[in-house]
Amino acid sequence: MSATLGDVDLDAYVAEHEGEWRRLEQLSRGRRLSAAEADELVALYQRAATHLSVVRSRSPDPALVARLSRLVLTARAKVTGGSTFTWRDVGRFCTVGFPLAVYRAWPWWSGVAVAFSGLTAYIMWWVAGHPESAEAFVGADEARELADTGFAAYYTEFTAPTFAFQLWTHNAWLAAQCLAAGILLVPTVWLLWVNAVNIGAVGGIMIDHGRADVFFGLITPHGLLELTGVFVAAGVGLRIGWAWIAPPADVGRGRALGEAARSGMLVALGLVAVFAVSGLIEAFVTPAPLPTAFRIGIGALAWGAFLAYVLHFGSRAAAAGASTDVSP
């Protein structure tokens, strides 16, 4: 009689099925299988998939879930002969997987956007209205230098291609941190706080020195899309953490966490392209000798295109009951 986690504890469940899992791992790694071994592989694969479902729904042990997930995926690849890259998968990711994952998480990243923007605006207003506070952030002389030349010089310090690559990797790393730390909630909130303080303090210093036009004229073209990408990453990260803390009543904690985490992986992959675009705008458009309104218009167009893309494809996929899994 096969035991379940409702009858015995986790250690006993693992001990009961450990032999089957080891055998499945051995068969999955074998180069050639006999007919009998192939039949055994299929049977063990089906059992392991059942075990994974049981563990996800009744055990909060992420290490065991991860182990069984890898085992089932490896065995599935062996049974089906593996999968190959197709442009159809790419198309589905772009039109279903990524936009649907972002669309479903919109309450989270919209909330992050509102909170971040409100906090940043308040800090900016406070620093601009209390010039002495600049000393607490950067020092009086440094604040003057920042307003006169430092802020604008930042965008021309490196060649545009090098600058774009640096921005791309930096923003992608920040987003990855927000997503990965989301399960703990506090680290993601801390990262947002630090960035809000930095932007608010610099903006307040620029406004205090009569350089508000320079500040908003330079930060807006790329900031609209770049910050939205950060908001999406942070919101999805917090959603992952909340899935662990308060899973839906009809879904186990492990399963809810797994589904949220897989959705987060899709978002992380899609944001790589988003930050590539924002990096190109910041490196080539922001410092370009073009009218401010034109540069902001380019940034607003890219930002609006991203939001329209998520709304159109995400809502359509949600209405069709699509899954965020890349594979059909």
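In this predicted model, helix H3 covers residues 62-80, and its length can be checked against the expected rise along a helix: at 1.5 Å a residue, its 19 residues should span 27 Å, and because the end C-alpha atoms are 26 Å apart, the expected and computed values agree. The residues of H3 that count as buried are Leu 64, Val 65, Leu 68, Ser 69, Leu 71, Val 72 and Ala 75. The cover over these buried residues of H3 includes two other helices, namely H1 (10-29) and H2 (35-58).

At the level of the whole chain, the secondary structure comprises 12 helices and 0 strands, so that, as read along the sequence, the pattern is α-α-α-α-α-α-α-α-α-α-α-α. The C-alpha atoms occupy a box of roughly 80 × 40 × 35 Å when taken along the principal axes. Of the 328 residues of the chain, 40% are classed as buried, and among contacts with a separation of 6 or more, 77% are accounted for by residues 24 or more positions apart. The chain exposes about 17,400 Å², of which carbon and sulfur atoms supply 64%. With regard to charge, the chain carries 23 positive and 26 negative charges, and the mean positions of the two sets are 13 Å apart.

The UniProt record, an unreviewed entry, places the feature "transmembrane region" at residues 108-128, 172-193, 214-245, 265-285 and 292-311. Two of these annotated spans were examined in the model. Residues 108-128 are 100% helix and 0% strand, with end C-alpha atoms 30 Å apart; residues 292-311 are likewise 100% helix and 0% strand, with their end C-alpha atoms 28 Å apart.

A further site considered in detail is Gly 200, which is found in helix H9 (residues 186-208). Gly 200 has a relative accessibility of 0% and therefore counts as buried, the cut-off for this class being under 20% relative accessible area. When its neighbours within four places in sequence are left aside, Gly 200 is in contact with Thr 120, Ile 123 and Met 124, and these positions fall within the span 108-128 that the UniProt record lists as a "transmembrane region". The C-alpha atom of Gly 200 is also separated by 7.8 Å from that of Val 127, although the two residues are 73 residues apart along the chain.

How values were computed
Residues are numbered from 1 along each chain as its sequence is written. This is a predicted model: local features need pLDDT of at least 70, side-chain atom pairs count only at pLDDT 80 or more; totals for chains, interfaces and linings use all residues. Side-chain values use heavy atoms; hydrogens and water are left out. Helices (H or I, at least four residues) and strands (E, at least two) are DSSP runs, numbered from the N terminus. The expected span of a helix is 1.5 Å times one less than its number of residues. Buried means under 20% relative accessible area, exposed over 50%, partly exposed in between (1.4 Å probe, protein chains only). Contact means heavy atoms within 4.5 Å. Accessible areas come from the Shrake-Rupley method with a 1.4 Å probe; for residues, only the protein chains shown count as cover. Lys and Arg count as positive and Asp and Glu as negative; His and the chain ends are not counted. The place of a charge is taken as NZ of Lys, CZ of Arg, CG of Asp or CD of Glu. UniProt positions are given in the numbering used here, feature names are shortened, and annotations may be inferred rather than shown by experiment.
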